[in-house]
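Student: I'm new to this one. Could you take me through a single part of it, up close?

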Amino acid sequence: MSSGEVSPSAAAAGDEPAGFSVWVELTKPRLTMLVLVTVAVGYLLAAYERGMLVEAVSLHSALVLLVTVFGVGLSSGGSAALNMFVERHLDARMQRTRERPLPSGRLSELQVLLFGLIACSLGGLLVLLVGGPLAAWLNLATIVLYLLFYTPLKRLSSLNTLVGAVTGALPPMIGWAAFAHELAPGAWALFAIVYVWQLPHFFAIAWLYREDYRAGGMKMLSTVDRDGLLTKANIGLCSMVLVPVSLSPTMVGLAGPVYLWGALVIGVAQLCLSVRFVRCHTQEDARRVFLASLLYLPLLLALLLVDTFLIDGLSRI
């Protein structure tokens, strides 16, 4: 089998029922889980911003949140499956992706295509029925940007990460719109945080796997930046920008001093690791930036919820 071909066993994959874990793998579960968390955070913070904390924990609101999260999860998982369908030949050429369900032959192309289309359609319908038109439009925009812009751009331009980060930053706005049915400054603050956070995160991944991306024909920044100067500059600059951007919830009245100081501390810590990569640009330094970014966003969102709900929110009830 050539490096660019899908395994011949894929044609017969439909002859044997695929296990549940294979279908879960098709949805890129870690990425989808992060999406679901940001949707829930957006929903809860919209309730806080409107002074409707009691309503947010009511049975009706909890059901709206759960169905919205489920709908976005279906859309995200379906989009991931369609992405794997489109990139199946490229995935077969890369070490880190060749064991995915399609190139490994555990699912057939038809199975993946149908799963992706059905999941996206059902997820979009649920978001529309429960979250409302604005949330549904944002959900649709996420799918379209991911599949019709970001996915093909990976083979055409190193600017693809800037487009892909938009799709990752829209979920908290979906959650916000599902509760408030409009977008306030707080929603845009969440968008900005998640957008900027993704840039050093994915630039670090691209540096770690630059040879793999090059083998797959992906035009990531690290594959066209052979001496690493642009990658270093972008990781350092984006990490620097992330510090003031992470403080924006306080600036728009969505958070207080606990969040402000906490965000400043973890932002500076992330920046220090990025500066170390800029100075040394070793694989280990890139891995530290990547691993720290995995901790950064959950910690930041946890700080935001603690500040709004436990500290300020309880005093309002």
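**Where the two domains meet**

Tutor: Between domain 1 and domain 2 there are 0 salt bridges (a salt bridge being a side-chain nitrogen of Lys or Arg within 4 Å of a carboxyl oxygen of Asp or Glu). Keep in mind that this is a predicted model, where local features need pLDDT of at least 70, side-chain atom pairs count only at pLDDT 80 or more, and totals for chains, interfaces and linings use all residues. Residues are numbered from 1 along each chain as its sequence is written, and side-chain values use heavy atoms, leaving out hydrogens and water.

What you do find between the two domains is 9 residue pairs in polar contact, both residues at pLDDT 80 or more (a pair of N or O atoms within 3.5 Å; within protein, one must be able to donate a hydrogen and the other to accept it, and residues adjacent in sequence count only if both atoms are side-chain atoms). On domain 1's side, the elements giving two or more residues are α2 (29-49), α8 (160-169) and α9 (171-180), with helices being DSSP runs of H or I, at least four residues long, numbered from the N terminus. The largest share of that side, 9 residues, comes from α2.

As for the domains themselves, the assignment, automatic or from a database, gives domain 1 (22-183) and domain 2 (184-310). Their contact (heavy atoms within 4.5 Å) takes 35 residues from domain 1 and 33 from domain 2. About 3100 Å² is buried between them, 75% of it from carbon and sulfur atoms; buried area is the accessible area (1.4 Å probe) that two parts lose on being put together, summed over both.
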